[in-house]
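Hi there,

Here is the structure I promised to pass on to you. Have a look first, and my notes follow underneath.

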Amino acid sequence: MTWLPPATCYLFLLLLLGQAPSSRPQSSGSKKLRLVGPANRPEEGRLEVLHQGQWGTVCDDDFALQEATVACRQLGFESALTWAHSAKYGQGEGPIWLDNVRCLGTEETLDQCGSNGWGVSDCRHSEDVGVVCHPQRHRGYHSEKVSNALGPQGRRLEEVRLKPILASAKRHSPVTEGAVEVRYEGHWRQVCDQGWTMNNSRVVCGMLGFPSQVPVNSHYYRKVWSLKMKDPKSRLNSLTKKNSFWIHRVDCLGTEPHLAKCQVQVAPGRGKLRPACPGGMHAVVSCVAGPHFHPQKPKSRRKESRTEQELKVRLRSGAQVGEGRVEVLRNRQWGTVCDHRWNLISASVVCRQLGFGSAREALFGAQLGQGLGPIHLSEVRCRGYERTLSDCLALEGSQNGCQHANDAAVRCNIPDMGFQKQVRLAGGRNPEEGVVEVQVEVNGVSRWGTVCSDHWGLMEAMVTCRQLGLGYANFAIKDTWYWQGTPEAKEVVMSGVRCSGTELALQQCQRHGPVHCSHGPGRFSAGVACMSTAPDLVMNAQLVQETAYLEDRPLSMLYCAHEENCLSKSADHMDWPYGHRRLLRFSSQIYNLGRADFRPKAGRHSWIWHQCHRHYHSIEVFTHYDLLTLNGSKVAEGHKASFCLEDTNCPTGVQRRYACANFGEQGVSVGCWDTYRHDIDCQWVDITDVGPGDYIFQVVVNPTNDVAESDFSNNMLRCRCKYDGQRVWLHNCHTGDSYRPNAELSLEQEQRLRNNLI
């Protein structure tokens, strides 16, 4: 067969698949736009528009900055920097859809501007216009998805799977080795192995959720193939002679997030007249599963700690495994990544570093919640082969004015473990709620049944919703008499379930061997209500540190606080109202950085009225305040009920929705914060019985996890506390996961050694 020049062949194949390289679709607009240019610079390229199912170019006649600005805004960028004439980014293919485009600059989409009309042009492709947009995206632009970049529906490679051939591969879950099959125009085809490379395997494995690939025993698979071809009863013999059975050739760089972004030749160069894959066989790939999906052999603690030290990137606040806000560790402190120039290639480096496949979505604008602390990186530019994000080129996050509203996030491809098919909800008013029914093996037989609600809580419900792909748990329900489950699944098949919250499925949680349920089947089966978004409460560490002070408060002013158990036990034995208590006071400010309002679990009808302070408690224990020794022993404690959970302040443009006045609704809106001043009752720790020394001051929000959050790891705040008997100093205040755990421990050990020396 005669090959065309690479560039011409590439454009022909991409046109056949209805897509173009390194294209950027926009999130909104009546006509789709994209930029065709350098893969690592998604904000610039040849401007193309989709009309009547076909991509075409725009002529540079009369094109200027205001037209480029409209196009960039439609593409999701804030503005345009400049435009390029005379096909600077290469000549396009197909029609020239627009000519003499004239915009005022205020239009929302390019097709709202004036022009000669669709397809009316006297230009050639040597006049194709290009644009260069500002890399910062506006708030309305959400993400770059693989599915958006593959061209019009119906003319693309839709998905990939591995068909296991060996008996051992068929028993393995997930399937990591087998023949590559591609769904093209609604039908599954096998890929010819002629010209197949490890780069191709890397792309396939990435799509299937695997970070890497290994060579296969091609000699053995060729032997198996030859035996099947010699068998006259084998259907494979006749199927392989049809061109519709094959994808003729694939050529990938290895950095593509999807096989359809590679050079793909569906049929031989001369169409159906020549047979596809003559003398070849199906391509076979062997992938390596990441640690989340591959049971590891026990390792020594030394090796485990070394692995943790090397892992300098993590995902936070994602509902599913393999998704979340990207955070990196620098100078022993975790920080976020700015979304300027964030794209699928850089996101895929993060995914593979964490043991997942390639990225299926790169998210912008803090779509998975805002982080705290420093913004370490901005304008990350990866080529796709880097082992870690730190190997990529990037700027310091502080260099271009990034805010946490620009925090980047990612959704990675993960392997199909089959867990989602082992759980279901029944009887609910909508698909997001109902009785939990699980599939387990009972006496060697697979059977559906319910889960006993003994010890059923929010962590178990969170794992269930994650397993179902329904996001976060809103409620963990123990009494489900009002939901009718599936009649054939009434028996309790799982009891004593206890989850840490990180499991992929209920079947991975601890549970009883023989089922033992104190309630029996029926109305006390476990249930859940799931939600797609969740709040995320975080304390303002700096405010706590700056407002701490001591007060000796007379007992005569502490009757109400004593009634609400805000004083140490020794206060019970004092000669009231004579004497005083020494209180460590401070202000607290609690932000909701999540994507849903924080609301009390209990409705207003069940709030508790406290006559002394004359207010309602919507959550009886909203925060814990503790003073600890350096080895973690508690020496003093306090707690705060959410007597007034409200929007104290909100950022500009966000309206306050919750207020406690007049028995109003309580909660904290997204982006707002609730402030408890230092001078209100119970906003303290009673340290009357504590001697001078060095301590750890700790605050935990939502301590019993009564209300679901997208990230519980940042609910704890810790400070170093020095008390000399008359004065107190708080320093080094930070949320619980903002520093590397072993780094914090080393500081504590150092302080403990100093105390021993004294």
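Is K163 buried, exposed or partly exposed? K163 counts as partly exposed, because its relative accessibility is 45% and the partly exposed class runs between the limits of 20% and 50%. Please keep in mind that this is a predicted model.

K163 sits in strand β8, which covers residues 157-163. Together with K170, K228, R235 and K242, K163 forms a positive surface patch.

Strand β8 also has a part in a salt bridge. E159, in that strand, pairs with R183 of strand β9 (residues 177-184), so the contact ties together parts that are 24 residues apart in sequence. The closest N and O atoms of R183 and E159 are 3.9 Å apart, and that counts as a salt bridge because the cut-off is 4 Å. As for accessibility, R183 is partly exposed because its value is 25%, and E159 is also partly exposed, with a relative accessible area of 38%.

On to the other salt bridges. How many are there? The count comes to 30 salt bridges. Here are two more of them, with their surroundings:

- R381 and E379 meet through their side chains at 3.8 Å, N to O. R381 is partly exposed, with a relative accessible area of 21%, whereas E379 counts as buried because its relative accessibility is 14%. Both residues belong to a network of salt bridges that also links E43 and R341.
- D679 and R677 form a salt bridge with an N to O distance of 2.9 Å. D679 has a relative accessible area of 42%, so this residue is partly exposed. R677, with 47%, is partly exposed as well.

Next, the cysteines, which you may want to look at with your gels in mind. A disulfide is a covalent bond between the sulfur atoms of two cysteines. A search of the whole structure turns up 15 disulfides, and I picked out three of them for you.

The pair C103 and C113 is joined with an S to S distance of 2.0 Å. Which hand does this disulfide have? The torsion about the S-S bond of C103 and C113 is about 105°, so the disulfide is right-handed. C103 and C113 both lie in the loop between β5 (96-98) and β6 (130-133), so the bond ties together parts that are 10 residues apart in sequence. Both cysteines of this pair, C103 and C113, are buried.

C205 and C287 also form a disulfide, with their sulfur atoms 2.0 Å apart. C205 belongs to helix α4 (residues 198-207) and C287 to strand β15 (residues 284-288), so this pair ties together parts that are 82 residues apart in sequence. The link of C205 and C287 is left-handed, with -85° about the S-S bond. C205 is buried, and C287 is buried too.

The third pair is C650 and C672, again a disulfide with 2.0 Å from S to S. The link of C650 and C672 is right-handed, with 110° about the S-S bond. Both cysteines lie in the loop between β36 (634-640) and β37 (673-676), 22 residues apart. C650 counts as buried because its relative accessibility is 18%, under the limit of 20%. C672 is buried as well, at 0% relative accessibility.

Not every cysteine is paired: C721 is in no disulfide. Where is the nearest cysteine sulfur to C721? The sulfur in question is that of C719, 8.4 Å away, and a disulfide needs the two sulfur atoms within 2.5 Å. C721 counts as buried because its relative accessibility is 3%.

One last stop is the loop between β36 and β37, where L645 is found. L645 counts as buried because its relative accessibility is 0%. L645 and T675 are 30 residues apart in sequence, and their C-alpha atoms are 8.9 Å apart in space.

That is what I have for now. Happy browsing, and do write back with any questions.

Best wishes

Notes
Residues are numbered from 1 along each chain as its sequence is written. This is a predicted model: local features need pLDDT of at least 70, side-chain atom pairs count only at pLDDT 80 or more; totals for chains, interfaces and linings use all residues. Side-chain values use heavy atoms; hydrogens and water are left out. Patches are made of residues with over 30% relative accessible area and no salt bridge: like charges are joined within 9 Å, nonpolar side chains (Val, Leu, Ile, Met, Phe, Trp, Tyr) within 5 Å. Accessible areas come from the Shrake-Rupley method with a 1.4 Å probe; for residues, only the protein chains shown count as cover. Lys and Arg count as positive and Asp and Glu as negative; His and the chain ends are not counted. The place of a charge is taken as NZ of Lys, CZ of Arg, CG of Asp or CD of Glu. Helices (H or I, at least four residues) and strands (E, at least two) are DSSP runs, numbered from the N terminus. Buried means under 20% relative accessible area, exposed over 50%, partly exposed in between (1.4 Å probe, protein chains only).
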